[in-house]
Amino acid sequence: MWLYRLHLLSSSFKAYRSMSTLKPISTPNAPSAIGPYSQAIVTNGFVFASGQIPIVPETNKIVSDDVKEQTRQVLKNLSNVLEEAHSSLSQVVKTTVFIKDMNDFGAINEVYAECFGDHKPARATVEVARLPKDVKVEIEGIAVVSNL
């Protein structure tokens with residue numbers, strides 16, 4: 001009996017796996033991927049957005065050296081990627097914030113709170129030794145995709 005149930009469970013899992021698809025997301029409104037990865041992937045009702053850094057897509061340059069301006073640009077880039085995936089910052093369930101200097105936590109948190117408003121997704125913040133292009137902040141996120 002248990003072997004039959006195991007077979008049914010295995011069959012159900014295989015059917016579920018075959019239903020899930022991975023849809024890469026790409027938008028010119030956020031920096032292009034600088035490696036072999038996608039700006040985001042949509043699967044099973046969620047969008048998994050790669051880490052965004054404070055590059056202005058139109059110029060391909062870092063917005064400024066100011067950590068608040070960098071954070072605003074990062075969240076703008078993340079928002080644009082999410083929008084391309086039919087989601088938004090208001091549908092984010094989890095972010096990971098990578099910062100170069102934990103002393104910038106307060107300034108980053110201030111801009112983060114402005115951008116997310118009353119919405120408070122789960123979050124981890126990690127100080128790292130170095131980020132791409134020596135920026136001060138990078139943020140990745142997971143969000144729910146809107147029903148179309």
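**Entry 1. Phe116 and its partner**

I looked up Phe116 in this predicted model and found the residue buried, with a relative accessible area of 7%. The cut-off for buried is under 20% relative accessible area. I then turned to Tyr112, which is also buried, at 6% relative accessible area. Both residues belong to helix α3 (residues 105–116), where they stand 4 residues apart, about one turn of the helix.

I next looked for other groups at the ring of Tyr112. The charged end of Arg123 sits over this ring, at 4.5 Å from its centre.

**Entry 2. Aromatic pairs**

I asked how many aromatic pairs the structure holds. The count is 2 aromatic pairs. In one of them, the ring centres of Phe46 and Phe48 are 6.4 Å apart and the planes make an angle of 50°, so I entered the pair as tilted. Tyr112 and Phe116 form an aromatic pair that is likewise recorded as tilted, with 4.5 Å from centre to centre and 35° between the planes.

I also checked the accessibility of the Phe46 and Phe48 side. Phe46 is partly exposed at 33% relative accessibility, and Phe48 is partly exposed with a relative accessible area of 38%.

**Entry 3. The chain as a whole**

I noted the overall make-up before going further. The chain contains 3 helices and 8 strands. Read from the N terminus, the order of elements is α-β-β-β-β-β-α-β-α-β-β. Of the 148 residues, 34% count as buried. I also looked up the contacts in the chain with a separation of 6 or more: residues 24 or more positions apart account for 69% of them.

**Entry 4. Helix α2**

I examined helix α2 (residues 67–84), which has 18 residues. From the first C-alpha to the last, α2 reaches 26 Å, close to the 26 Å expected at 1.5 Å a residue.

I looked at both ends of α2. At the start, a side-chain oxygen of Asp66 comes to within 3.1 Å of the backbone nitrogen of Lys68. After the helix comes His86, with a positive phi near 65°.

I then listed which residues of α2 are buried. Among them are Val67, Val74, Leu75, Leu78, Val81 and Leu82. The buried residues also include Gln70, Thr71, Gln73, Asn77 and Asn80.

**Entry 5. Salt bridges**

I searched for charged pairs next. Side chains of opposite charge can pair when their charged atoms come close. The whole structure gives 4 salt bridges, and I followed up several.

Asp65 and Lys136 meet through their side chains in a salt bridge of 3.7 Å, N to O. This pair links distant parts of the chain, 71 residues apart: Asp65 is in the loop between β5 (61–62) and α2, and Lys136 is in the loop between β7 (122–127) and β8 (137–144). Asp65 is exposed, with a relative accessible area of 57%, whereas Lys136 is partly exposed at 22%.

The side chains of Arg72 and Glu114 form a salt bridge of 3.4 Å, N to O. Here too the pair links distant parts of the chain, with Arg72 in helix α2 and Glu114 in helix α3, 42 residues apart. Arg72 is partly exposed at 38% relative accessibility, and Glu114 is partly exposed with a relative accessible area of 48%.

I also recorded the salt bridge between the side chains of Asp134 and Arg130, at 2.6 Å, N to O. Asp134 is partly exposed at 38% relative accessibility. Arg130 is exposed, because its relative accessible area is 60% and the cut-off for exposed is over 50%.

**Entry 6. Gln39**

I asked whether Gln39 is buried or exposed. At 4% relative accessibility, Gln39 counts as buried. The residue lies in the loop between β1 (23–25) and β2 (40–43).

I traced the polar contacts of the Gln39 side chain. One of its polar atoms lies 2.6 Å from the backbone nitrogen of Thr27. The side chain also reaches the backbone oxygen of Pro31, at 2.8 Å.

I finished with the residues that Gln39 touches, not counting those up to four places away in sequence. They include Ile25, Ser26, Thr27, Ala30, Pro31 and Ser32. Also on the list are Phe48, Ala49, Ser50, Gln52 and Val81. Two of these names recur from earlier entries: Phe48 pairs with Phe46, and Val81 is one of the buried residues of α2.

Methods: Residues numbered from 1 in each chain as written. Predicted model: local features only at pLDDT ≥ 70, side-chain atom pairs only at ≥ 80, totals over all residues. Heavy atoms only, no water. Phe/Tyr/Trp six-rings, centres within 6.5 Å; stacked < 30°, edge-to-face > 60°. Buried < 20%, exposed > 50% of the residue type's maximum accessible area, 1.4 Å probe, protein only. Helix = DSSP H or I, 4+ residues; strand = E, 2+ residues; numbered from the N terminus. Lys NZ or Arg CZ within 6 Å of the ring centre and 35° of its normal. Expected span 1.5 Å × (residues − 1). Polar contact = N/O pair within 3.5 Å; in protein donor to acceptor, adjacent residues only side chain to side chain. Contact = heavy atoms within 4.5 Å.
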